[in-house]
Amino acid sequence: MQMIFRSKAIVAILLLATRGYNSHGFMTIPATILPSSSSNNAPLSPHPLRMASDNNDLKPDVGKEVRELLAKAKAIRDSLPEEVQTPSTISSANTLETINEADSDAPPSVGYRLKFDIGREDGTWMDPMWGRSGKRIEGSIDIVFQLPLQNGEEDTSLADQDIRDKMVKDNLSGKSTVARILQSSNARLRGGFDKMICKGGGYRIDVGKDNNRSSSSTTRFFIDVDGTKEGDGAYGDIFIPKGCIYFSLPCFGNSVKQLSSKEGIITVRQFGWHTGWRREESRIIGVFRAVPLEQAKKRDRY
C-alpha cells in the first residue's frame, strides 16, 4: 500500500507542475489524483484556490464613488452664499491692476510715473524730529488720470463725494475743474525691494486769473496710501504718514496730458498752530517729478 500511495503522490506533483493556472488565476486539483484523507478513499470535490494576484473582484466601484463625490461637492458649492462686493473691494477699482485687465472699451486716460523723494525740506512745518537725520525715502508710483468722455456718454471719470471731500480747498480766488478719478499702482520703495500700498485718489485742475488774463494752470491730485511704519528702524527717523498725500504740478492747455517736467512738491494735511490758530495745515514732506508712463517703462524696464 505504501508504494501505491507514493506513486500516486509523485504523479500528482508532476500534474501540478505541468498544468499551471487557468486564465482566471485559479488552480484546480482533480480529486482523482490526490490521496484521500479518509479511510475509504472517497473522491474529493474539485476545490479552486484563489491566487493573491487576482483581485479583480475585490476592486471597488471607482466610477460610482467619483460621481458621488462630485455630487457632494456641487451641493456644497451651491449652498454657499453669493459673494457681496464690499467697500474695500470697490476701492480696488482705483488701482492700476484693473486697468491692465481692461478691454479696448476702457475710458480714455493718460498715465505718468511719479518719481518721489521723501524727506525733510526747507520751510516745512513737519514735526522737528521728523527727518532730522537727513535720511530720505525714494520711490516711484504709476498713476493714470481718467479723462472726460467726449461722445456724450455717461462720464465715468467723475469722482464720487468721498474723493471730492478729500481734495484740498485752496483755490478760493480762481476757477477749478470738477474732481475726477485717479488710479494708481502700489509705490515701489528701495528700488522695488519694498512697497507701500496705494489706493488711488482724485485730481482737478486749478485755473488762476490775473486781470482777466489766464495765468498758469496747476494740476492738484492726491493718493490715498497706507504709509510706512513709524519708528521701526527701516527708514530711521523718517516715515510716510498714513492717509492722503497731495501733489501739485503746473500743466499746459488746462490738461493733464501736458504736465510740466519740473519738480513739484508733496504735502500732507495735518492740524497745527502755524497760521495763528489751530487748523488743518499743508506740510511739505518731499518732492517729485512726473514722467510719461510709456517713456518711463522704456527707460526703467518695468
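**View 1. A network of salt bridges links Arg113, Lys115, Asp142, Arg188 and Asp300.** The model is predicted. Within this network, the side chains of arginine 113 and aspartate 142 form a salt bridge with an N to O distance of 2.6 Å. The two residues come from distant parts of the chain: arginine 113 belongs to strand S3 and aspartate 142 to strand S4 (residues 137-146), with their positions 29 residues apart in the numbering. Both aspartate 142 and arginine 113 are buried. Across the structure as a whole, the number of salt bridges is 14. Side chains of opposite charge can pair when their charged atoms come close.

**View 2. Arginine 113 also forms a salt bridge with aspartate 300.** The closest N and O atoms of this pair are 3.0 Å apart. Here too the pair links distant parts of the chain, with aspartate 300 in helix H6 (residues 293-300) and arginine 113 in strand S3, 187 residues apart. Is aspartate 300 buried or exposed? Aspartate 300 is buried, as is arginine 113. Both Asp300 and Asp142 are members of the network described in the first view, along with Arg113.

**View 3. Lysine 242 and aspartate 226 form a salt bridge.** Their closest N and O atoms are 3.6 Å apart. Both residues lie in the loop between strand S10 (213-225) and S11, so the salt bridge ties together parts that are 16 residues apart in sequence. How exposed are the two partners? Lysine 242 has a relative accessible area of 61%, and is therefore exposed, the cut-off being over 50%. Aspartate 226 has a relative accessibility of 29% and so counts as partly exposed.

**View 4. One cavity of 30 Å³ or more is counted in the model.** The volume of the largest cavity is about 30 Å³. Which residues line the largest cavity? Its lining consists of Phe116, Ile118, Ile141, Met196, Ile240, Ile245, Phe247 and Ile266. Two elements, strand S3 (109-118) and strand S11 (243-251), each give two or more residues to this lining. By residue class, the lining of the largest cavity holds eight nonpolar residues, no polar ones and no charged ones. Rolling a probe the size of a water molecule over the atoms shows where empty space is left.

**View 5. Val62, Val66 and Leu70 make a nonpolar surface patch.** The area of the patch is about 270 Å². Leucine 70, one of the three residues, is part of helix H2 (residues 62-79). With a relative accessible area of 56%, leucine 70 is over the 50% cut-off and therefore counts as exposed.

**View 6. Arginine 190 has a positive phi, near 55°, and is not a glycine.** Most residues other than glycine have a negative phi, and most peptide bonds are trans. Where does arginine 190 lie? Arginine 190 is in the loop between strand S7 (187-189) and strand S8 (194-196). Its relative accessible area is 43%, so arginine 190 is partly exposed.

**View 7. Asparagine 254 is a second example of a positive phi in a residue that is not a glycine.** The phi angle of asparagine 254 is about 50°. This residue is located in the loop between S11 and strand S12 (264-272). Asparagine 254 has a relative accessible area of 43% and therefore counts as partly exposed.

**View 8. Aspartate 206 and valine 178 are 28 residues apart along the chain.** Their C-alpha atoms are separated by 9.6 Å. Aspartate 206 belongs to strand S9 (residues 198-210). The relative accessibility of aspartate 206 is 4%, under the 20% cut-off, so the residue counts as buried.

**View 9. Arginine 132 and glycine 236 are 104 residues apart along the chain.** What distance separates their C-alpha atoms? The C-alpha atoms of arginine 132 and glycine 236 are separated by 9.6 Å. Arginine 132 lies in the loop between S3 and S4. At 60% relative accessibility, arginine 132 is over the 50% cut-off and is therefore exposed.

Note on methods
Residues are numbered from 1 along each chain as its sequence is written. This is a predicted model: local features need pLDDT of at least 70, side-chain atom pairs count only at pLDDT 80 or more; totals for chains, interfaces and linings use all residues. Side-chain values use heavy atoms; hydrogens and water are left out. On a 1 Å grid over the protein atoms alone, a cavity is a set of points where a 1.4 Å probe fits but cannot get out, and a pocket is an open set with protein on both sides within 12 Å along at least five of seven lines; lining residues have an atom within 4 Å of a point. Grid points are joined across faces, edges and corners, and a volume is the space filled by probe spheres set on the points. Helices (H or I, at least four residues) and strands (E, at least two) are DSSP runs, numbered from the N terminus. Ala, Val, Leu, Ile, Met, Phe, Trp, Tyr, Cys and Pro count as nonpolar, Asp, Glu, Lys and Arg as charged, and the others, Gly among them, as polar. Patches are made of residues with over 30% relative accessible area and no salt bridge: like charges are joined within 9 Å, nonpolar side chains (Val, Leu, Ile, Met, Phe, Trp, Tyr) within 5 Å. Accessible areas come from the Shrake-Rupley method with a 1.4 Å probe; for residues, only the protein chains shown count as cover. A salt bridge is a side-chain nitrogen of Lys or Arg within 4 Å of a carboxyl oxygen of Asp or Glu. Buried means under 20% relative accessible area, exposed over 50%, partly exposed in between (1.4 Å probe, protein chains only).
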